[in-house]
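Open the model in your viewer and keep the selection tool at hand. The tour goes from one selection to the next.

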Amino acid sequence: MVLSKLAPYKDIIYTDFQGNGGILVDLNTKQYYQLNETGSLVWRGLENGNTLEDIVSQMRAIYEVTEEHAEASVQKLVSHLESRRLIQRT
Amino acid sequence: MSQANSLLRMSNLRRVEIAERLKFWFPIDAVIDDGRPAIEWMDLRDVNFNEPFFDETVTKAARERVITDLDMLLQLEKISDSLKPSAFIFHCSRCGSTLMANAFRALQGSIVMVEAPVLDKIASRFITDEPTNSTKELLYMLLLRSAVAALGQRRSGAEQHYIVKFGCTTTLQINRIRCIWPDVPFVFLYRNPVEVIVSNLSSKPQWMEFHSNPAAAAAIVGVEVAGLERLTAAEFCARGIGRFMNEANASDDERSRFVDYEELSSDKLIDTIRFCGIEPSPEEIDAIRGISRLYSKDPSRRRTFNADNESKKAAASEYVLEVAEKWAAPVYEQLKIKTEKGFQKERLVNGVIKTRAL
């Protein structure tokens, strides 16, 4: 995995409500997206300035998954987020 | 197109710049503009919301209105300084909730928003769009949070308490609202259903005009739209208030307080304010006692309050008694028992505290 940091664009709003997952709203495009529990974990990690490696470790600490599985899941979501211009490399 | 000015929507300003200009403006309504959901705003930075209802303040202010897209609520929430709600007031209609709001209004540095249309309209989307467990549900929750934040903007810097009273139909969304603000206490006011029905029949509120929005009306009383035609106004009302009471009852926990209209006194008002974590000063207590003697819905605050329980009951027809009994009386009785138990628990707790202090 590439050791780089990704961060949300400033016009993105993320919120999660108790037990309801999270929602991302892009104020530029006015598109909104729902994140599931693990997606929310990844997003919060990005908001906190964590590297992808950190996020993979956090995921493995919570869920019983192999490193490969966690890494692939995080990478897949990050690609989606990047392609929708919700996050950027810093 | 609404009569309001759509200048901001059409202008080339960046959203952040529009949001900056909207600081201290208040969302006064959720409307459809050019076929799209939108928010209507008014600059009310110097206005005290002293009238019993939000709409009355807006009408009195009579200022320029501007319209923006819905998402401006989210943008404003990002940059504005707002109070977190101190308490929510829910109610079953015509049950003393306006008096409760007025009592909160007597507190120095309080913002009290009473039945702001923007909140109840966003909440009603949960009913009409049935978005349970969907992205849309989260979006409406987010919009509701932003609208509450916009109405709770700090203006003078002296604001300390922020109370939101919703319209009675929003009681059906109490679970979602508590999901957004799990730590905020709520008060639910209720009253003998016969009296509530008689009051609503003699002066019909908007939520009972079920032909104006059949989908919402049907959802409020839990019937199919086609079934609405078979309901009399009295049955519609009885079913509605029964559902409001049931929904509130199901949300009862340590952060909820149920207040029966019959026991609504100045002491009860003060006690309820304390339950919400606010200790009124002696001057504020005097003001609350004064307010409790007045008719709560009189903006001039001159008319004195006269209890009308008996006259309401006497005015009820056999049919009203029947529908009240069928659709709302059982849960009303449950709430009364709950309230009485709550009192006994409080007395016990107070006793224990006193013993320890001695």
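Select F26(B) and M42(B): M42(B), in β2(B), is the bridge partner of F26(B). The model is predicted, so local features are described only at pLDDT of at least 70 and side-chain atom pairs only at pLDDT 80 or more, while totals for chains, interfaces and linings use all residues. Residues are numbered from 1 along each chain as its sequence is written, and chains are lettered from A and ligands numbered from 1 in the order in which they are written.

**Stop 1: the hairpin in chain B**

Now widen the selection to strand β1 (residues 25-33) and strand β2 (residues 36-43) of chain B, which run antiparallel and are joined by eight bridges. Strands here are DSSP runs of E with at least two residues, helices are runs of H or I with at least four, and both are numbered from the N terminus. Two strands pair if DSSP finds at least two bridges between them.

Two residues lie between the strands of this hairpin, and D34(B) takes a positive phi near 55°. Next, add strand β3 (residues 65-69) of chain B, which pairs with β2(B) in the antiparallel sense over five bridges. Which residue of β3(B) is the bridge partner of M42(B)? Select R65(B) to see that partner.

**Stop 2: the parallel sheet in chain B**

Select β5, β6, β4, β7 and β8 of chain B; in that order they form an open sheet with parallel pairing. β5 (110-114) and β8 (256-260) of chain B are at the edges with a single partner strand each, so one side of each has no neighbour in the sheet. From one strand to the next, the twist averages 15°; the angle is taken between lines fitted to C-alpha atoms, in N-to-C directions, and can run from 0 to 180 degrees.

Inside this sheet, pick strand β4 (residues 87-91) and strand β7 (residues 186-190) of chain B, a parallel pair with four bridges. F90(B) has F188(B), in β7(B), as its bridge partner.

**Stop 3: a glycine in a helix**

Go to helix α11 (residues 233-250) of chain B and select G242(B). Is G242(B) buried or exposed? G242(B) counts as buried because it has 23 C-beta neighbours inside 10 Å. The cut-offs are 20 or more other C-beta atoms within 10 Å for buried, 12 or fewer for exposed, and partly exposed in between, with C-beta atoms placed from the backbone.

Leaving out residues up to four places away in sequence, G242(B) touches W327(B), A328(B) and V331(B). A contact means that the C-beta atoms of two residues, placed from the backbone, lie within 7 Å. Now select S212(B) as well: S212(B) and G242(B) are 30 residues apart in sequence and 22 Å apart in space, C-alpha to C-alpha.

**Stop 4: where the chains touch**

Show both chains. The contact takes 13 residues from chain A and 13 residues from chain B. On the chain B side, α4 (72-79), α7 (135-151) and α8 (174-180) each supply at least two residues. Which of the elements gives the most to this side? Select α7(B), which gives five residues.

**Stop 5: chain A**

Hide chain B. Chain A has three helices and five strands, and from the N terminus on they run β-β-β-β-α-α-α-β. Its C-alpha atoms fill a box of roughly 35 × 30 × 20 Å along the principal axes. Of the 90 residues in chain A, 26% are buried.

Select β2, β3 and β4 of chain A, an open sheet in that order with antiparallel pairing. β2 (12-16) and β4 (31-35) of chain A are the edge strands, each pairing on one side only. β2(A) and strand β3 (residues 22-26) of chain A pair over five bridges. Within this pair, V25(A) in β3(A) is the bridge partner of I13(A).

For the last selection, take helix α1 (residues 37-47) of chain A and colour its buried residues: G39(A), V42(A), W43(A), G45(A) and L46(A). Seen down the axis of α1(A), these residues fall within an arc of 160°, so they line one face of the helix. The arc is that of the directions from the helix axis to the C-beta atoms. An α-helix has 3.6 residues a turn, so residues three or four places apart point the same way. Just after α1(A), select G49(A), which takes a positive phi of about 80°.
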